[in-house]
Amino acid sequence: MVGDNGHDSLTARIASLEAEIVGLRKAVQTRTVIGQATGLISAVQGCTPQEGFQLLVRMSQHHNVKLHTIALKLLDLSTELGPRQAVRAVHTSSEPLDDPMPVAEWPGVEVVNAARGLVAAYDAARYSDDDRPEVRRQLADQVELAGRMLAEKLTEVGWLTPDERA
């Protein structure tokens, strides 16, 4: 017969194993995202996966952001801007800075927000059931304005030259 101490020990062991499983799941998820970002960098830069990983590490240090976070941002940006522009956006320097740029000041944040604004305006126009000409015109104007805003943000950070804005 197992006493209360045996039951408490078993309960503690189960809790410990459950916590370990949660940690392992998180580690697998984190590694998957980092692996995807490494593969994206390798494909865009034409380098080996090891070199891609090292570049991702340098990007993380440059922006003073955890490796998993910069990998997520890179993957998010790649869906918004495409793989080449995303890597270019995140990889502003191969060497860490003495005074790293905080994430809130990272220019990619404004670009991503502008891209999301364009997508939202486009979706609103595309899926609107309102066929009144004035509403359709207003929605089209919002798409155009959001597109100009994105082009402006891309130009501000140097990812688009004024010639490419046409």
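Begin with the largest nonpolar core of this predicted model. Select its 20 residues, and centre the view on Ile41, Leu56, Met59, Leu74 and Val87, the residues with the most contacts inside this core. Four elements each give two or more residues to the core: α1 (4-45), α2 (49-63), α3 and α4. Of these, α1 gives the most, with six residues.

Next, select Leu74, one of the residues just named. Which residues does leucine 74 contact once its neighbours within four places in sequence are left aside? They are Ala37, Leu40, Ile41, Leu56, Ala86, Val87 and Val90. Displaying these side chains together with leucine 74 shows this set of contacts in one view.

Now display helices α2 and α3 alone. Their axes come within 9 Å and cross at roughly 105°. An angle from 65 to 115 degrees counts as roughly perpendicular, and α2 is therefore roughly perpendicular to α3. To see the contact, select Phe53, Leu56, Val57, Met59, Ser60 and His63 on the α2 side, then Leu67, Ile70, Ala71 and Leu74 on the α3 side. Colouring this selection by residue class gives eight nonpolar residues, two polar and no charged.

Keep α3 (residues 67-81) and replace α2 by α4 (residues 83-90). The axes of α3 and α4 lie 7 Å apart, and the two helices pack at an angle of about 140°. Are these helices oblique or roughly antiparallel to each other? Only angles over 145 degrees count as roughly antiparallel, so α3 and α4 are oblique. Their crossing is right-handed. From α3, the contact is made by Ile70, Leu74, Leu77, Ser78 and Leu81; from α4, by Pro83, Gln85, Ala86, Val87, Ala89 and Val90. By class, the residues of this contact comprise nine nonpolar, two polar and no charged.

Within that contact, select Ser78 of α3. Is serine 78 buried or exposed? Its relative accessible area is 15%; because buried means under 20%, serine 78 counts as buried. Leaving aside neighbours within four places in sequence, serine 78 is in contact with Leu40, Pro83 and Ala86. Two of these partners, Pro83 and Ala86, belong to the α4 side of the contact just displayed.

For the last stop, return to the nonpolar cores. The largest nonpolar core has 20 residues, and α1 gives the most to this core. A second, separate core has five residues. Select Val111, Ala114, Leu150 and Leu154, which are among them.

Notes
Residues are numbered from 1 along each chain as its sequence is written. This is a predicted model: local features need pLDDT of at least 70, side-chain atom pairs count only at pLDDT 80 or more; totals for chains, interfaces and linings use all residues. Side-chain values use heavy atoms; hydrogens and water are left out. Axes are lines fitted to C-alpha atoms, for helices over the stretch in contact, and angles run from 0 to 180 degrees between N-to-C directions. Angles under 35 degrees count as roughly parallel, over 145 as roughly antiparallel, 65 to 115 as roughly perpendicular and the rest as oblique. A crossing is left-handed if the near helix is turned anticlockwise from the far one by less than a right angle, and right-handed if clockwise. Contact means heavy atoms within 4.5 Å. Ala, Val, Leu, Ile, Met, Phe, Trp, Tyr, Cys and Pro count as nonpolar, Asp, Glu, Lys and Arg as charged, and the others, Gly among them, as polar. A nonpolar core is a set of buried Ala, Val, Leu, Ile, Met, Phe, Trp, Tyr and Cys residues joined through side-chain atoms within 4.5 Å. Buried means under 20% relative accessible area, exposed over 50%, partly exposed in between (1.4 Å probe, protein chains only).
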